[in-house]
Amino acid sequence: MRDKIVAGNWKMNNDQSQTEALLKKLKHLDKPKEVRVMVAPAFTQLYQSTELLQGSGISVVAQNMNAADSGAYTGEISSGMLKGIGINAVILGHSERRSLFHETDEILAEKVKAALAAGMEVIFCFGEELEERKSQAHFEVVAQQLKTALFDLPASAWKQIILAYEPVWAIGTGETASPEQAQEMHAHIRKLVSENYDATLADALSILYGGSVKPNNAKEIFTGKDVDGGLIGGASLNAEDFMAIVNAF
Ligand code: PEP
């Protein structure tokens, strides 16, 4: 049985007092035991978040990191710095990092290797642009992203990988992939992993869907047999909405 996971990506939202208020609510809302719940606050709120969530079963994830261990990289954060404050997982490859900060799959491959070497779990995001879907290139685009960023990893590394398929046209737009589109792509992704490694590894891999998941559409999206949960942006900023999504399985 692979993990069911719901992760909230807060992006550049929530200062110290907003973080405290949101996490206190989250901590007290009911969640099913079989779902792993994660939140990804801004760097400045990570330590505070691990303290506030102690004993809650909710884990804290970083939104990004640099591939280097240390050095002249002004404004950057290393895996060691994250591990040092108890952060054991990181989101890499989010479409905003790709489009606004020019992170390519080659750059991401280095970041993934650094995170894995530090013993961290990686939520790896990828997905096609609207034009690519319109031109029916989406299956090939996703295959290429995975090949460049992940498919030269050893099989043993995949225990630390969670995939998050996020069609760019659905992120923050209110437009969601239909449950059929999500399932179709997730099955394609699992097949690619199976072909590059083996069926056992592919079967054990959690593949999340991200892109305008809300309390009113989560249940339908999560019914896909290859959809193992969600990476949630906007709706993760509201405790009740986020927990409704966690409870949508
Ligand atoms: C995201 O940023 O990863 C995301 C899925 O955002 P939203 O849920 O707001 O579309």
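Contact, as used here, means heavy atoms within 4.5 Å. The model is predicted, so local features need pLDDT of at least 70 and side-chain atom pairs count only at pLDDT 80 or more, while totals for chains, interfaces and linings use all residues. Residues are numbered from 1 along each chain as its sequence is written, and side-chain values use heavy atoms, with hydrogens and water left out.

**Exercise 1. Determine where Gln48 is found and which residues Gln48 touches.**

Step 1. Gln48 belongs to helix 2, residues 46–52, where helices (H or I, at least four residues) and strands (E, at least two) are DSSP runs numbered from the N terminus.

Step 2. Not counting residues up to four places away in sequence, the contacts of Gln48 are Gln16, Thr19 and Glu20.

Step 3. With Gln16 there is also a polar contact, since the side chain of Gln48 reaches the backbone oxygen of Gln16 at 3.0 Å. A polar contact is a pair of N or O atoms within 3.5 Å; within protein, one must be able to donate a hydrogen and the other to accept it, and residues adjacent in sequence count only if both atoms are side-chain atoms.

Step 4. Gln48 has a relative accessible area of 16% and is therefore buried; buried means under 20% relative accessible area, exposed over 50%, and partly exposed in between, with a 1.4 Å probe and protein chains only.

**Exercise 2. Describe the surroundings of Asp30.**

Step 1. Asp30 lies in the loop between helix 1 (16–28) and strand 2 (35–40).

Step 2. Because its relative accessible area is 65%, Asp30 is exposed.

Step 3. Asp30 nevertheless touches Met243 and Asn247, again not counting residues up to four places away in sequence, and its C-alpha atom is separated by 10 Å from that of Glu240, 210 residues apart along the chain.

**Exercise 3. Work out the order of the strands in the open sheet, and find the strands at its edges.**

Step 1. The eight strands are arranged as 3-2-1-8-7-6-5-4, with parallel pairing, two strands being paired if DSSP finds at least two bridges between them.

Step 2. Strand 3 (58–60) and strand 4 (89–92) stand at the edges, because each has a single partner strand, so that one side of each is left without a neighbour in the sheet.

Step 3. From one strand to the next, the twist averages 25 degrees.

Step 4. Four bridges join strand 4 to strand 5 in parallel, with Leu92 standing opposite Phe124 of strand 5.

Step 5. In a regular strand the side chains alternate between the two faces of the sheet. In strand 4, Ala89 and Ile91 point one way and Val90 and Leu92 the other way, and all are buried.

**Exercise 4. Identify which residues come nearest to the ligand, and how much of its area the protein covers.**

Step 1. Of the 14 residues around the ligand, those that come nearest are Lys11, His94, Glu166, Gly172 and Ser212; a residue is near a molecule or strand if one of its heavy atoms lies within 4 Å of it.

Step 2. Oxygen atoms of the ligand take part in several polar pairs: an N or O atom in the side chain of Lys11 is 2.6 Å from one, a polar side-chain atom of His94 lies at 2.8 Å, and a backbone N or O atom of Gly172 at 2.7 Å.

Step 3. Of the 290 Å² of accessible area that the ligand has on its own, the protein covers 97%. Accessible areas come from the Shrake-Rupley method with a 1.4 Å probe, and for residues only the protein chains shown count as cover.

Methods
Axes fitted to C-alpha atoms, helices over the stretch in contact; angles between N-to-C directions.
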